[in-house]
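Visitor: I am new to this kind of file and would like to learn how to read it. Could we go through some features together, with the general idea before each case?

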Amino acid sequence: MIGRNTDPRATRLRGRDRELRVLAEVLDDARARRGASLILTGGPGRGKSALLAHLRENAGDFTVLHCGGVPDEADLPLAGLERLLRPLAPHPAPLGEALTRGRVDDRMSLSLSLLDRLTTDEPLLVCVDDADRLDGPSLDALAFAARRLAGTATAIVFSARDGRIKPGAADALVPGIPERHLHPLEERALHDILTDRAPVTLPASARAVLVRSAHGNPAVLLGHLESPSVDPEDPTSEAPRLPDRLRADLLSPYRDLPERTRSLLLLAALGEGIPLHLLSRAAGTEGSAVADLESAEDLGLVRVEDDIVVFTDPLVGRAFTQGAPAAAVRAAHRALAGVTDPDSDPTTFARHTAAGADAPDADLADSVVAVARRAKRVEGRTAAALVYERAAALTPDPDIRACRLTSASYETYMAGRSEQAGRILSRARPLAVTDRRRALVDLVDAQIAMRGSNAVDVAERLYTVGRDLIPHDRELALRTLVRSADSASLAGDPARHARAARLALPLVRPDDPEPVRLVAAFLEGCSISFRGDYPGSTPLLREATRLAELVDKPSELIWSGIAGLRLSDDPFVRRSTTRAVEVARLTGERATIPAALGFLVFSEFWSGRFPSAAGTALNGLRVSRESGQTIWATQHLASLAMIAAIQGDIDTCRIRARAVATQAGENSLGLAAALASWALAVLELSRGNAAEAFFRLRSLVHAGPGHGHPTMRLLTAPHFVEAATRIGEIEWARTSLAGYRRWADAIGSPSAMALAERGAGLLAPPDEAADHFESALALHRACGDDDVEHARTQLLFGAFLRRARLPGRAREHLHNAQESFERFGARLWVRQTRAELRALGTGERGPESPSTGELTAQQQQIARLVAEGATNREVAAHMFISPRTVEHHLRGIFRKLGIRSRVDLARLFN
């Protein structure tokens with residue numbers, strides 16, 4: 001082909017920037033009449049032809065000649081050269097005569113004539129693709145010219161497969177010219193190709209699987225995109241078929257090997273890392289495998305490393321398995337199953353056994369199921385799921401097959417792959433015949449839904465399944481009903497929680513093991529606590545926390561952690577939920593990790609462990625999204641909103657809280673909705689907007705399922721009391737504090753009792769308030785694990801002492817609070833504390849405008865609050881003065897500063 005390129009297309013080759021620079025330098029050398037030649041080498045599919053195409057498209061003012069090697073013409077002398085030069089015909093002798101006759105009488109004369117033909121005054125680019133498939137005389141003549149381009153405006157660029165030598169000789173394919181080897185692409189480049197070429201946006205997990213299976217080969221990746229029937233997230237699905245031409249190119253060096261060698265290589269490809277001695281046994285050669293592999297090793301096609309056969313290109317193994325006859329592949333799998341130890345490698349045994357079967361076989365299926373428990377213990381839940389699914393494929397009886405598919409679905413779900421678990425379960429449902437089997441399918445389906453569907457609906461489904469399971473499996477029915485209660489709790493629905501508990505608790509027996517007794521104590525304790533009977537619930541919840549030391553299952557540890565939260569025992573909650581996360585990771589139980597992290601973060605942010613809390617919540621959010629658990633993603637987002645509120649990040653808190661409100665409304669998540677509302681209330685309190693905080697928290701008092709949560713109404717009481725007292729809603733404050741004190745007295749937690757005393761201090765007459773605050777601080781010190789609330793108590797006590805005209809004592813508490821808030825990064829509470837210190841006349845002052853220096857300390861505090869947007873009523877509530885007093889001070893502020901409006905004040909301060 002010949003052409004002239006003046007308007008190059010916009011072509012983007014990912015991951016080949018260095019090669020593109022080298023090719024640009026080749027063109028620059030030719031333009032400067034320095035001549036240039038280059039050979040690009042690399043395995044099939046790595047982009048050699050694409051680079052040559054890019055070079056031709058961007059050659060600009062060059063005349064371009066192009067041809068590619070054709071295997072059918074490799075034995076026709078000068079066939080390639082004739083195709084390359086056809087656009088320039090007719091040719092002078094002796095070149096023209098040689099091309100016409102297809103015979104080389106004088107190699108030197110032919111080569112010199114070609115060199116003369118290719119060296120013109122105009123820039124010329126010659127591209128020879130697949131040079132290793134070109135006929136010998138053509139390649140010899142082009143190589144001769146390529147070595148003699150100095151002082152010309154010609155560039156010759158070849159491409160060839162790596163490792164190929166000149167046919168019939170031992171030297172390099174094109175000796176004497178620079179070589180550029182194309183290595184496999186980095187993963188980043190493959191991800192960029194997916195972004196450019198994928199018809200739809202792929203999930204991150206699917207992208208990762210596709211990129212890994214491509215082994216740096218862009219042609220393989222593009223071939224994967226053309227195989228929509230393949231599920232990249234399904235570990236049991238076969239790897240996508242390689243494009244036919246690519247597979248043929250990969251296998252071409254292996255076709256002339258002896259049959260015994262190719263049989264060994266098929267076993268090695270299917271065995272994926274099988275030791276050489278087992279490979280010999282599978283092949284029936286017993287010791288001669290090394291000798292049989294020598295021919296492949298001599299050609300550099302394979303190597304033996306640590307007693308394992310390794311293909312020089314990892315794609316060759318897949319090409320072998322896809323290119324072999326089905327009968328040969330099944331026979332190879334049977335041979336490999338026969339030499340695989342099911343105890344040490346149960347998953348591999350199951351894979352070969354299933355793949356080697358000609359038809360469903362009950363005995364083979366039973367032998368595969370027998371290793372499932374071992375696979376779970378040795379390799380984790382994903383491996384167990386694979387074994388059950390392989391066994392199901394071998395099972396002729398539909399009902400038993402449904403059972404095994406259900407087991408595979410459950411293990412897949414517990415491994416954190418909810419979508420894949422749902423797909424497996426959809427295959428099991430039509431096969432289930434017995435009532436018990438259908439109930440088990442419904443149970444797994446409901447558990448999958450529990451992590452991503454409406455909490456109220458899931459509570460109903462699990463309640464129905466649990467009731468249906470009672471005649472078949474008592475313990476499983478009990479756990480199912482506890483799951484129903486869990487969903488009801490996430491929804492904030494005490495009625496459905498109580499209904500599940502009433503059906504579940506009679507199933508418990510006195511001689512049940514510790515995990516069952518823990519579940520029963522937890523469920524009954526939570527149910528009684530929901531009713532407000534805190535003295536009755538406390539012994540049961542303590543029993544659940546005691547039994548946690550005797551169990552090692554993630555779910556039981558999470559339930560004991562929730563019991564600890566209801567007892568306000570944050571250190572225990574951290575220990576229990578941290579153990580749950582560790583055990584879940586150790587056993588591959590990814591499905592439970594988001595829940596464990598969700599309750600762990602509760603115990604972290606109130607104790608001032610903000611870096612840890614933020615990291616836990618972000619990790620939980622990531623794991624939730626990766627495993628398709630939208631319910632827990634919402635819960636973690638609500639926790640992040642609370643962390644942002646405590647740290648005074650106004651915009652972040654509001655954005656997260658709005659997102660939580662939307663998601664919680666869709667899925668009836670009362671717990672998440674209440675936590676987000678609480679976060680906004682904490683934010684408003686820290687800004688001094690007590691009225692807004694009061695109304696937000698009051699809305700939770702009567703919020704029904706899906707919008708609020710009874711436990712959250714209890715835990716928010718200290719903030720509700722503070723907001724209510726600031727705006728004069730004393731009766732609301734007294735009622736809320738009474739319920740909170742009943743709970744604090746029942747559980748005997750120092751941190752809870754400290755907050756109850758703080759609330760009493762806010763409500764008490766001035767002559768009694770100090771005693772309550774002092775008692776609260778003593779309880780905080782005894783607890784030693786509630787740093788945030790300890791600092792807030794010091795702030796409130798310091799503010800009280802300032803108003804009581806006790807500046808010395810006030811400074812001590814305010815400075816302590818400021819130090820704590822600065823350590824937490826709670827900037828709005830730092831601002832509040834500094835304002836109180838300024839009101840004492842001793843606070844740290846930042847740079848001020850000269851005109852504001854005339855203001856008194858109290859006027860400074862009022863001015864800053866108004867400049868931030870606070871209303872007179874909000875300022876009054878924050879400073880415990882009347883709105884009329886605020887108005888009086890504002891008139892004085894405006895007069896001293898020479899301004900007329902709040903807008904002017906905001907401009908001055910901001």
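Visitor: Let me begin with a single residue: is Thr725 buried or exposed?

Guide: Before answering, note that this is a predicted model, in which local features need pLDDT of at least 70 and side-chain atom pairs count only at pLDDT 80 or more, while totals for chains, interfaces and linings use all residues. Residues are numbered from 1 along each chain as its sequence is written, and side-chain values use heavy atoms, with hydrogens and water left out. Buried means under 20% relative accessible area, exposed over 50%, and partly exposed in between, with a 1.4 Å probe and protein chains only. Thr725 has 11% relative accessibility and therefore counts as buried.

Visitor: Where does Thr725 sit, and which residues does Thr725 touch, leaving out those up to four places away in sequence?

Guide: Helices are DSSP runs of H or I with at least four residues, strands are runs of E with at least two, and both are numbered from the N terminus. Thr725 belongs to helix 38, residues 717–726. Taking contact as heavy atoms within 4.5 Å, and setting aside residues up to four places away in sequence, Thr725 touches Ile730, Ala733, Leu762 and Leu763. In addition, a polar atom of the Thr725 side chain lies 2.9 Å from the backbone oxygen of Glu722.

Visitor: How many salt bridges are there?

Guide: Side chains of opposite charge can pair when their charged atoms come close. The rule used here asks for a side-chain nitrogen of Lys or Arg within 4 Å of a carboxyl oxygen of Asp or Glu, and by this rule the count comes to 55 salt bridges. One of them joins Arg260 and Asp292, whose closest N and O atoms are 3.1 Å apart. Arg260 lies in helix 11 (residues 259–271) and Asp292 in helix 13 (residues 289–292), so this pair ties together parts that are 32 residues apart in sequence. Arg260 is partly exposed at 48% relative accessible area, whereas Asp292, at 15%, counts as buried.

Visitor: What does the salt bridge between Arg474 and Asp512 look like in these terms?

Guide: The N to O distance in that salt bridge is 2.9 Å. Because Arg474 lies in helix 25 (residues 474–491) and Asp512 in the loop between helix 26 (494–504) and helix 27 (514–530), the pair ties together parts that are 38 residues apart in sequence. Arg474 counts as buried at 19% relative accessibility, and Asp512 is buried with 5%.

Visitor: And how does one read the largest cavity, and which residues are closest to its centre?

Guide: On a 1 Å grid over the protein atoms alone, a cavity is a set of points where a 1.4 Å probe fits but cannot get out, and lining residues have an atom within 4 Å of a point. Grid points are joined across faces, edges and corners, and a volume is the space filled by probe spheres set on the points. The whole structure has 4 cavities of 30 Å³ or more, and the largest cavity holds about 770 Å³. Of the 42 residues lining the largest cavity, Leu565, Phe599, Phe602, Thr711 and Leu715 are the closest to its centre. Helix 29 (residues 554–566) gives the most to this lining, with 6 residues.

Methods
A polar contact is a pair of N or O atoms within 3.5 Å; within protein, one must be able to donate a hydrogen and the other to accept it, and residues adjacent in sequence count only if both atoms are side-chain atoms. On a 1 Å grid over the protein atoms alone, a cavity is a set of points where a 1.4 Å probe fits but cannot get out, and a pocket is an open set with protein on both sides within 12 Å along at least five of seven lines; lining residues have an atom within 4 Å of a point.
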